[in-house]
Amino acid sequence: MIWCIAALILFVLEMFSGTFYLLVISASLMSAGLAEWLLQTNNNINILIASAFSIIGIIIVRLWQKQHPRENKTKASDDPDYGQTVVLTQPLTDDLWQVHYRGTTWQARFTQPTSAKAGDSAQIISHNGNILNIISQASTTTQE
């Protein structure tokens with residue numbers, strides 16, 4: 001009975017993590033509980049059953065994850081800031097610029113070499129944390 005209770009607890013915890021590993025271990029513990037209930041196996045055998053099924057299940061999950069990698073790439077349509085215009089305020093250190101956007105100041109970095117100066121406009125193409133990646137407006141008009 002303790003195997004089934006542990007399996008249920010791990011199953012509930014899996015709902016919060018979403019990794020499938022706890023689900024595999026939960027199923028392994030449930031199989032040990034079923035073996036104990038149906039075959040009256042002892043704890044040593046149940047530990048072997050749970051361990052074997054856990055190892056096999058985790059290997060299967062890892063192989064599946066390698067064949068189906070997650071895509072965490074943000075699309076331009078997912079971020080309303082992409083494509084918006086910023087005004088360059090002043091250059092900072094390490095190729096960073098202070099820009100004015102949405103009523104406040106931000107840090108931005110050009111993705112291409114440019115001869116921009118304060119007062120020029122640029123376009124947001126992505127971001128890296130809180131730093132906006134921008135290209136100059138002159139670049140965007142020549143690309144179109």
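A nonpolar patch, as I use the term here, is made of residues with over 30% relative accessible area and no salt bridge, whose nonpolar side chains are joined within 5 Å. Keep that in mind for the first item.

The model is a predicted one. Its nonpolar surface patch covers about 1,300 Å². The residues that make it are M1, I2, I5, L8, I9, F11, V12, L13, M15, F16, F20 and L23. Which helix gives the most to this patch? That is helix α1, residues 2-17, with nine residues. I9, one of the patch residues, is found in helix α1.

For the surface as a whole, the protein exposes about 10,100 Å², and carbon and sulfur atoms supply 61% of that area. Of the 144 residues, 29% are buried.

Now the fold. There are four helices and five strands. Along the sequence the pattern reads α-α-α-β-β-β-β-β-α, so helix α1 belongs to the run of three helices that precedes the strands.

How are the strands arranged in the barrel? The five of them close in the order β1-β2-β3-β5-β4, with mixed pairing. From one strand to the next, the twist averages 55 degrees.

One pair in detail: β2, residues 96-101, and β3, residues 104-110, run antiparallel and are joined by six bridges. Within that pairing, L96 has R109 in β3 as its bridge partner.

Last, contacts. Taking those between residues at least 6 apart in sequence, 41% join residues at least 24 apart.

That is what I have on this model.

Conventions:
Residues numbered from 1 in each chain as written. Predicted model: local features only at pLDDT ≥ 70, side-chain atom pairs only at ≥ 80, totals over all residues. Heavy atoms only, no water. Pairing = 2+ DSSP bridges. Helix = DSSP H or I, 4+ residues; strand = E, 2+ residues; numbered from the N terminus. Axes fitted to C-alpha atoms, helices over the stretch in contact; angles between N-to-C directions. Buried < 20%, exposed > 50% of the residue type's maximum accessible area, 1.4 Å probe, protein only. Contact = heavy atoms within 4.5 Å. Areas by Shrake-Rupley, 256 points an atom, 1.4 Å probe, with all protein chains shown as cover. Patch = residues over 30% accessible without salt bridge, like charges linked within 9 Å, V, L, I, M, F, W, Y side chains within 5 Å. Salt bridge = Lys/Arg side-chain N within 4 Å of Asp/Glu carboxyl O.
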